[in-house]
Each structure stands twice: as C-alpha cells, then as structure tokens.
Amino acid sequence: MAKEKACRKCKALTQGKVCPVCKSTDLSPDWSGIILVFDPAKSLVANTLEITAPARYALKVQ
Amino acid sequence: MSDKLKDSQEDDLGDISFEDEQGMEAAEQPAEAEAEVKPAEQPAQVQVEAPKPAPVSDKPASDSKFFAIRTTGGQERMVADMLYTKVTAKKIGIRSVMVLDSFKGYIIVEAPDSNVAYEGLAGIRHVRGQIRGDLPFKDIEGYLVKKPTVTELSIDDTVEVIAGPFKGMKAKITRVDYEKQEATVVLLDSPYQIPVTVDANYLKKAPH
C-alpha cells in the first residue's frame, strides 16, 4: 500500500498528489495521529479542529 | 430513549433527580444547538475563509459522547480503516474516530450514544472490547488542540533539546523561524559556540 501523505494546509490524508479536500499540492509524508470525520456538523472533534468536510485527517503534520 | 434506559440502568440511586436533570438538559440543548449553528453558517455563506474561528470550544454544543475502544496492540489504524469503510457504506451514526499515537491499544469513537458506537464496531476484527462508560471531552481536547511549540520560544531563552543528536543538552536561542518552525540555538554544554538549527518541536523551555 502506498504511503499516505497529509496536506499541510488542511491535514487531510491522501494517497494521491493532490489534497482531496482543499486541492492543495503541499503534502507531507511526516504526520501522526488519525482522525476520521464522518459528520462534521455534529462532531465535537470536527468543530474543535474546524473541520468542515468528512474525510480522513492527520492530527499532526510536520 | 436508549440513553435514558442506559442511564437508569447504570444509576440506581436518585432516579427522580436524575430524570429532572435529564429533562432540563433536553430542554436546553436544542436552543443551544441552534444558537451555535446559526452564527457559524451565516458567515460561511458570505465569506468562505472567515479569519475568526467558529464559536466553539468550551461548551459542548452537540450530544456527542466519546468511547474508548480497546484494540489489538498495533492494529489501531487497521481497525480505524475498517470502521471508515463500514461507516461510510452503511451510514452508521458514528461522528468521528480518533487514533492517537499516545493512546496505544485504543481508538476513540465519537457517537451520539453507546449503542451507535457498538453497532459500528460489531464484527470488526481486532476489536477487543471497550472501556465502560464514556470519556469526558476535556480529556480528549488536550490531544486535539496543540499549540505549536515555536510560539512559546523567543530569542535569548534557555531551552533543553529533547530529541535529535543533541538530546539532553541545554542551549540558548539566537534566532527563531516561526514559519518553518525552526530555531537556531547555541549549545551551552559544548566548548565551542556553534550555532545549530533544530526543529522547534525538539526544544523545551528550560525552567529558570
């Protein structure tokens, strides 16, 4: 499995070369922690992290 | 409904007062939830990238509960991936799932109630069980909101290097690059004054 990368702007995880959430190409292979957001409108975690789109996110991106 | 059932099972004492509290909460919450949602949505229509953060944090607006789910060690990501596939396919009411590196052997599931969380986890490999009851959001918030270390650093501060080849040494900051999250330091333990640029996350402010 190809190693996933995290977007430096929105922290979304992707295996491609473009962030699926913000379409940025500034991706980092150095990240830790995973947050899966399914319902950003009702999720406290998504609210705290200001996440608005359901996707897989990294917790920390370097 | 299921909440009340579960709560009444767990809490044998003081049923009447507990019911009253529940009733009050139930009456208050919808009003709060509406008040929370409206201000966040309105600026979003006008301007997508609002500089000010949404009015969130302190008071929990939603009825989310957090459950710590025990998994086989090292399989947390695997469990999360399987859960992601299942929840997206079956539209289960789980709101989010967290895999924290500092929380080995567990994943944290956010759901409106325990039945929803366990429904999602049923049949998933490497799930070993769950901690009884739910986790308060305060416990989890600390892992989510991370102030970058670089914001705490300033020139002439004495710091300790906590990782990398200079681990354990004390140093003095000569320059801080807030964008790159790097700091240039002079090692105090070294006989020579060599400036070294290190990641700001490798530095910890030393007590005076």
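Which of the elements of chain A has the lowest mean pLDDT, and which the highest? Select helix H1 (residues 44-48) of chain A for the lowest, 87, and S2(A) for the highest, 92. pLDDT is the predictor's confidence in each residue, from 0 to 100.

This is a predicted model, in which local features need pLDDT of at least 70 and side-chain atom pairs count only at pLDDT 80 or more, while totals for chains, interfaces and linings use all residues. Residues are numbered from 1 along each chain as its sequence is written, chains are lettered from A and ligands numbered from 1 in the order in which they are written, and side-chain values use heavy atoms, with hydrogens and water left out.

Now select the whole of chain A. Its mean pLDDT is 88, with 97% of residues at 70 or more. Colour by secondary structure: the order along the sequence is β-β-β-β-α-β. Helices (H or I, at least four residues) and strands (E, at least two) are DSSP runs, numbered from the N terminus. Of the 62 residues in chain A, 47% are buried (under 20% relative accessible area, 1.4 Å probe, protein chains only).

Next, go to the loop between strand S2 (13-14) and strand S3 (27-28) of chain A and select A:Ser24. A:Ser24 counts as buried because its relative accessibility is 8%. Show its neighbours: leaving out residues up to four places away in sequence, A:Ser24 touches A:Cys7, A:Lys9, A:Lys17, A:Val18 and A:Cys19 (contact means heavy atoms within 4.5 Å).

Last, select A:Asp26. Its backbone nitrogen lies 3.0 Å from a polar atom of the A:Ser24 side chain.

Definitions and conventions: Buried means under 20% relative accessible area, exposed over 50%, partly exposed in between (1.4 Å probe, protein chains only). A polar contact is a pair of N or O atoms within 3.5 Å; within protein, one must be able to donate a hydrogen and the other to accept it, and residues adjacent in sequence count only if both atoms are side-chain atoms.
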